[in-house]
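Student: I have a new structure open and no idea where to start. Can you walk me through it?

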Amino acid sequence: MIAFFIKRLAQAIVVMFVISIISFSIQDNLGDPLREMVGQSVSEAERQQLRDELGLNDPFLVQYGRFVKNALQGDLGTSYFFKEPALDVILAKLPATLELVFGASLIIITLSVPLGVYSAINPQSWFSKTVMGFSIVGISIPVFLTAIGLIYFFSIELGWMPSYGRGETVMLPWGWETGLFTADGLAHLVLPSVSLASIMLPLFIRLIRAEMMEVLQSEYVKFAWAKGLHSRRIYFLHALKNTMLPVITVGGVQIGTMVAYTILTETVFQWPGMGFLFLEAINRVDTPLIVAYLIVVGAIFVITNTIVDLIYGLVNPTVNLAGKK
Amino acid sequence: MALLEVRNLEVSFGLRSGAVKALRNINFTLDRGERLGLVGESGAGKSVLGFSILNLIAKPGRITGGEILFEGQNLARMSARELRTIRGNRISMIFQDPMMTLNPVLTIGQQMVECLLAHRKISRENAKTIAIQKLKQVQIPSPETRIDQYPHELSGGMRQRVVIAIGLLMDPDIIIADEPTTALDVTIQAEIMELMVELCERNNVALILITHDLGVVSQVTQKAIVMYAGRVIEQGPTREIINDAQHPYTQGLMNALPQMAIPGQRLNQIRGSMPTLQKIPTGCAFNPRCDYVMDVCKHQLPGYTRSGNCQVACHMVAEMKRDEVSSEEV
């Protein structure tokens, strides 16, 4: 177990190192931050002086070295726009994004498993065929279109759901701003979660269905039938447990991808999360904020994948987390 | 009454190109404690027959005719609930490849206990005790630790022992073993086969052994059925079939045994290969490969002729028998 963590930690360091190089390199190519920081009236000489003070004229490696040194101390620079530490600005928006991802994941898990399993067991039924048909439609429609469609029907035409923002939120003692404990906050979460789930849900239904159909053909499932077991036990223990192994792996990667997809969803729903903030930061050429976002998202990827590998190890007995033979 | 009686069994597969008959007109009986060999090349329908006895044929296959009478009850017409009380309980199966038969994510114990709990009202602890006992019977060393292990922690031979233990778990009346030693090392094959036969003998369990190894059939079974293209072409006491095969196909199988070849020379083989089910030749299905083919073989399906205690489906054998009878009359 400890060996596993050390190995994962080493991998995580490499990944974060690469992310830091990439995101830092972007800084140089995103236009002149001074244009945003100071007005038109500042003279060229003063601008040069300011550049020297900020270290923008130093060689790339020197700048990168300074960046890494500061980053290791939790300092990812100061947002040009907010005039606050970039990491604090991002982390303040993290709860909103994670709650959105949580809502979407909840929808995906509760729907994809039963639908995928049912359509694998009864591939010929009209219900399975309908599910498969809708899943193709779901995959084909871009998230922003789904989001706009949802707002049009449920907010404008029917007036059932709020169309933007997080609604009423509560501050938890450890500085986590949550919308999960108020009715208004939950109502605001529904449409964005549905639209974020719209791409992944069909993917998971199809993945679970395909895996399950393959598993149902296997010898050990045939043997389970020959043992005279109840169909419920065969489907939901013998077959499902084996089906979920590859699904867990793909799922871990997809959770990370979903964090990235939130940029679109948050923009359409004006959801005050990291993705929305990131787009604003790009418009304002707020480079420290952009870099901080990339690094936080990279860290989320690494963490979720580590957790997923742990879960996989617990479910699959042939994986030995301890690393011993 | 025989323990198991199969009457006119017919199994079809509904394919896109139309229904194809995988088994036609199968008839045989099996008594308590008797051992029966099912022989034939790949594609002859041996495994389909084995699975259809438990009504376990995978879609799109299904039983389209005939009866499978187990103690007088027709398995072909039973509901899923009734079949559950037979499968794994009264009739159990042993599969070919022990690497694939056991579920990789469940422990040996889980896979044994669930079978006991499905058929008997006993506690989990009792079930585990019985499972350990059965593992001991199949000579698995330290079964108390093995029972909590996963299949990947056991060797192929060990896994097949576990599968046999699961097959014996409920003290069934019949075990259907589908090439139980084919996937194992040659050195272990004999060991496993011996163990299985010994356990069947001791518990008076009838065995249906599906194999293409005539050597094993001659050592283990009392009765044999030779299949070709979904049909029984010769059946009777094993000794008679081995010593005096009547059907040219059975003779070909016998000659193909390595023991029958002269050292240093090529092994004898039956020319050609088994037809696919969509393209079964008219008349006798074996006629394109037969050395003694006659005109009648090409357009008329041979009926069964009695020869000693055997039934043979061959025009040539039928003709010889007719000659014998007429010469006796003269």
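Tutor: We will take one chain overall, then two helix pairs, then the contact between chains.

Tutor: This is a predicted model, where local features need pLDDT of at least 70, side-chain atom pairs count only at pLDDT 80 or more, and totals for chains, interfaces and linings use all residues. Residues are numbered from 1 along each chain as its sequence is written, with chains lettered from A and ligands numbered from 1 in the order in which they are written.

Student: OK, chain B. How many helices and strands?

Tutor: Chain B has 12 helices and 12 strands. These are DSSP runs, numbered from the N terminus: helices are H or I with at least four residues, strands are E with at least two.

Student: What does chain B span along its principal axes?

Tutor: Its C-alpha trace covers about 75 × 50 × 45 Å. The radius of gyration of chain B is 21 Å, which agrees with the value near 20 Å for a compact globule of 330 residues. That radius is taken over C-alpha atoms, and the globule rule is 2.2 Å times the number of residues to the power 0.38.

Student: Switching to chain A. How do α5 and α11 cross?

Tutor: Helix α5 (residues 86-121) and helix α11 (residues 274-283) of chain A have axes that come within 8 Å and cross at roughly 135°. Axes are lines fitted to C-alpha atoms, for helices over the stretch in contact, and angles run from 0 to 180 degrees between N-to-C directions. The two helices are therefore oblique to each other. Under 35 degrees is roughly parallel, over 145 roughly antiparallel, 65 to 115 roughly perpendicular, and the rest oblique.

Student: Which residues meet there?

Tutor: From α5(A), A:Ile90, A:Lys93, A:Leu94 and A:Thr97 meet A:Met274, A:Gly275 and A:Leu277 of α11(A). Contact puts C-beta atoms, placed from the backbone, within 7 Å.

Student: And α6 with α8 in chain A, at what angle?

Tutor: Helix α6 (residues 126-140) and helix α8 (residues 183-216) of chain A cross at roughly 140°, with axes that come within 8 Å. That makes α6(A) oblique to α8(A).

Student: Last one. How many residues does each chain put into the contact?

Tutor: Chain A gives 17 residues and chain B gives 24. On the side of chain A that touches chain B, α9 (219-226) and α10 (231-268) each supply at least two residues. The most comes from α9(A), with 5 residues.

Note on methods:
Two residues are in contact if their C-beta atoms, placed from the backbone, lie within 7 Å.
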